[in-house]
Amino acid sequence: MDAVIKELPLALFTTLASVGIGAFVTMFVAIYVNKSMEASGVKQLDKLTAVPLAFCVLALICAFFHLASPMHAVNIVNTIGTSPMTNEIVAFCVFLVLAIVYWIVALTGGLSKHGPRVVFSGIVALAGLISCIMMGLAYALPAIPIWNSPWGTVQVLGAMLLGGTLLGGTILNMSVKETPLEGEADGRIRLLAMLGALVLVVGTAVLFGMGAGAKSAMINVAANTGTLIVPLILTIAFSIVAAITAFLGRGAKRTAWLACGTIVALIAIFLARGIFYGVQIGIGL
Amino acid sequence: MAQYGFFYDNTRCTGCKTCVMACKDYYDSPLPIARRKVYDVEGGEWRGEAEGGYETDSFLYHLSLGCQHCDKPACVDVCPTTAMHKDPKDGIVKVDVNKCMGCGYCVMACPYNSPQIDREHGHAVKCEACWERLDEGKTPVCVSACPLRALDSGPIDELKRKYGDVRQIYPMVDPSMTEPNFVIKPSPASELPIVETGYVSNPEEV
Ligand code: SF4
Ligand code: SF4
C-alpha cells in the first residue's frame, strides 16, 4: 500500500496520458473511416482537440511532480535508447509535440483536405501508441518480477483503448452534429471501448493474481492482496459500466453518456494503476 | 585501484544497528533515509507437544547491508541521467547529485533495496562506501562503529581471500543477477533448511 501512495503522481501520469493518447487514436480512427465529415464538424473537433491535449499536458505536470529535482531532467539526453525511462519520457514528449503541432496546423486550417488530415492524425496516433508501449515497458525491471512481464503494458494499452475511446467519442459526438457518430465510425468506437475494457480488466486481474501468488520476505503478501481486492472489484465494475456507456443514448444524450463513461473509465484506470503499483513486490529485499 | 567491497560476519551481528545510526549521524541523514540498513530475519514456530511441553524451530538473524557496489549494477543500467555511475577508480557506485533528477528508477531496479530518494535534498542517496574517508586512509563509518567487529571493507579480492566467497544468504538475490562486491560469513540460522519460510520482521525500519 505504501508503494501506491508513493507512486501517486505516476499513477495520475499513466492514467491521464493513456486516456489522452487514446483519444487521439480514436480521432484518427473516426477521421479515417468518416471521409465525409462536414466542415463545421471538423472545425469544432479541432477546437475540442484541446481537451485530450490538456489531459496529456496535465499528465506531464504530474510526472514532473514525481521527480525530486525536475530541473535535472535535461540530463536524460545522455541515455536515449539505453534507459527504458528515458525512452518513455522521450516517446511521450515526441507524441506531445506532434499532437500540439497537429492541433495548431488543424486550427489554422492547414488540414482541410481529408488526405493530409488522415496522414497527420495517423502519425500522432502512432506516436501515442508507441508512447503507451514505452510507458508499459519502462517498468519491466528484473528486480520486480511481476512488473517484468507483458501485463503492465497490456494494462496501459487497455486503459488507452477504454478511456481514450470514450473521451475521443465524447468530443467527436459533440463535433459531428449532422452525422453524430453513426454507422461504421460508431461501430468501431463501441468495439474499441469493449475491447479496451476487456484488455484493462484482464491485464489488471492477471497483475493482481501474480501479486497474490508472489513470495516475499519483505511484504506480507496476504495483507497486501487484501487491500487490493476492493480496488480490483471496482476496476472491473467501473470498466464494464464505462464500456456500456458507449452503447447508450443518441445525439446530445449520447454525448452526456460518453462524457460520464469517460469519468467512470478514468476512475477505473486510476484504480487499475493503483493495483499495478500495489504489486511492486521485489525479488530480494 | 582495486574494486572496493564489504564483508559482513553474520555470525557476530547482534542486530544492534550501531552501523545504521553511525552512518545516519555521520551523513546527517533525514529521518527516513538510511544508507545502511539492518534487516531482522525471523521465522519458524512453536508447537505444543502431547506431553505438554513445547518444541520450536524458530530462528532469528540479522543482515546488515549498504550497497554492494555491484559489477553489473542494476541501478546504473537503468538510470536515465547517468547520475548513478560506477567510479572506475575504485568500483564504488556513486550518485552525481548535480545530475540526479530524483526519479526513483534506481530504487525500483536495485534488488538490495539500497538507494532511496531524499526529497529534502532532491536526489537519490545510497551507501558510497564513505569514499571521502577512504581517500584519507580511513575505513567507512559503519565498519569503524560496529561494536561486534562484524563488518570489514577493502579491496574485494583481499576480502575474498580472507573470508571466502559466499555472497548470498536468504533473502538476498542470486548474486549472478548483479555480481555484488560483497562477502558474507553465514550464521547457522541463515543456513537452516526452513530459512526460506522466514520474513523480514522490521520492514518499516528499512
Ligand atoms: S546494490 Fe543496488 S544500488 Fe548498489 S550497485 Fe548493486 S544494484 Fe546498485
Ligand atoms: S533517482 Fe537519480 S540516480 Fe536514481 S535513477 Fe533517477 S536520476 Fe538516476
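Is Gln280 of chain A buried or exposed? Hold on to that one for a moment, and thanks for coming, everyone. Before I answer, please keep in mind that this is a predicted model.

So, Gln280(A). This residue sits in the segment that follows helix H10 (251-278) of chain A. The answer is buried, because its relative accessibility is 18% and the cut-off for buried is under 20%. And what does Gln280(A) touch, leaving out residues up to four places away in sequence? Within chain A, the partners are Ala3(A), Glu7(A), Ile144(A), Trp147(A) and Ile219(A). There is also a partner from the other chain, Met108(B).

Let me step back and show you chain A as a whole. Chain A has 10 helices and 0 strands. If you walk along the sequence, the pattern reads α-α-α-α-α-α-α-α-α-α. For a chain of 285 residues, a compact globule would have a radius of gyration near 19 Å, and chain A agrees because its value is 19 Å. Along the principal axes, the C-alpha trace of chain A spans about 60 × 45 × 25 Å.

How much of chain A is buried? The share is 55% of its 285 residues. Now for the contacts. Take those in chain A between residues at least 6 apart in sequence: 82% of them join residues at least 24 apart. As for the surface, chain A has an accessible area of about 11600 Å², and 76% of that belongs to carbon and sulfur atoms. On the charge side, chain A carries 14 positive and 9 negative side chains, with the centres of the two sets 2 Å apart.

Here is one more residue in chain A that I'd like you to find on the screen: Thr170(A), in helix H7 (residues 151-175). Thr170(A) counts as buried because its relative accessibility is 7%. In sequence, Thr170(A) and Ala256(A) are 86 residues apart, yet in space their C-alpha atoms are 7.8 Å apart. Again leaving out residues up to four places away, Thr170(A) touches Thr255(A), Leu258(A), Ala259(A) and Thr262(A).

Now over to chain B. Here the secondary structure comes to 6 helices and 12 strands. A compact globule of 206 residues would have a radius of gyration near 17 Å; chain B has 18 Å, which agrees. Its C-alpha atoms fill a box of roughly 65 × 35 × 30 Å along the principal axes. Buried residues account for 57% of the 206 residues in chain B.

For contacts in chain B with a separation of 6 or more, 63% come from residues 24 or more positions apart. The exposed surface of chain B is about 9200 Å², with 52% supplied by carbon and sulfur atoms. And the charges in chain B? There are 22 positive and 31 negative side chains, and the centres of these two sets lie 7 Å apart.

Let's look at some strands. A quick reminder first: strands of a sheet pair through backbone hydrogen bonds, either parallel or antiparallel.

Start with strand S1 (residues 4-9) of chain B, where 6 of the 6 residues are buried. Which residues are on each face of S1(B)? One side has Tyr4(B), Phe6(B) and Tyr8(B), while the other has Gly5(B), Phe7(B) and Asp9(B), so both faces are covered. Both faces of S1(B) are covered, to put it plainly.

What does S1(B) pair with? On the antiparallel side of things, 5 bridges join S1(B) to strand S10 (residues 151-155) of chain B. Within that pairing, Phe6(B) has Ser153(B) as its bridge partner. S1(B) also pairs with strand S11 (residues 182-185) of chain B, in the parallel sense and over 4 bridges. There, the bridge partner of Tyr8(B) is Ile184(B).

Last stop: an open sheet of 3 strands in chain B, in the order S5-S2-S12, with antiparallel pairing. Its edge strands are S5 (59-65) and S12 (199-200), and each of them pairs on one side only. Strand S2 (residues 37-43) is joined to S5(B) by 7 bridges. If you want a pair to look up, Val41(B) stands opposite Tyr61(B) in S5(B).

That's my tour, and I'm happy to go back to any of these residues on the screen.

Methods
Residues numbered from 1 in each chain as written. Chains lettered and ligands numbered in written order. Predicted model: local features only at pLDDT ≥ 70, side-chain atom pairs only at ≥ 80, totals over all residues. Heavy atoms only, no water. Helix = DSSP H or I, 4+ residues; strand = E, 2+ residues; numbered from the N terminus. Rg over C-alpha atoms; globule rule 2.2 N^0.38 Å. Buried < 20%, exposed > 50% of the residue type's maximum accessible area, 1.4 Å probe, protein only. Contact = heavy atoms within 4.5 Å. Areas by Shrake-Rupley, 256 points an atom, 1.4 Å probe, with all protein chains shown as cover. Lys, Arg positive; Asp, Glu negative; His and termini not counted. Charge placed at Lys NZ, Arg CZ, Asp CG, Glu CD. Pairing = 2+ DSSP bridges.
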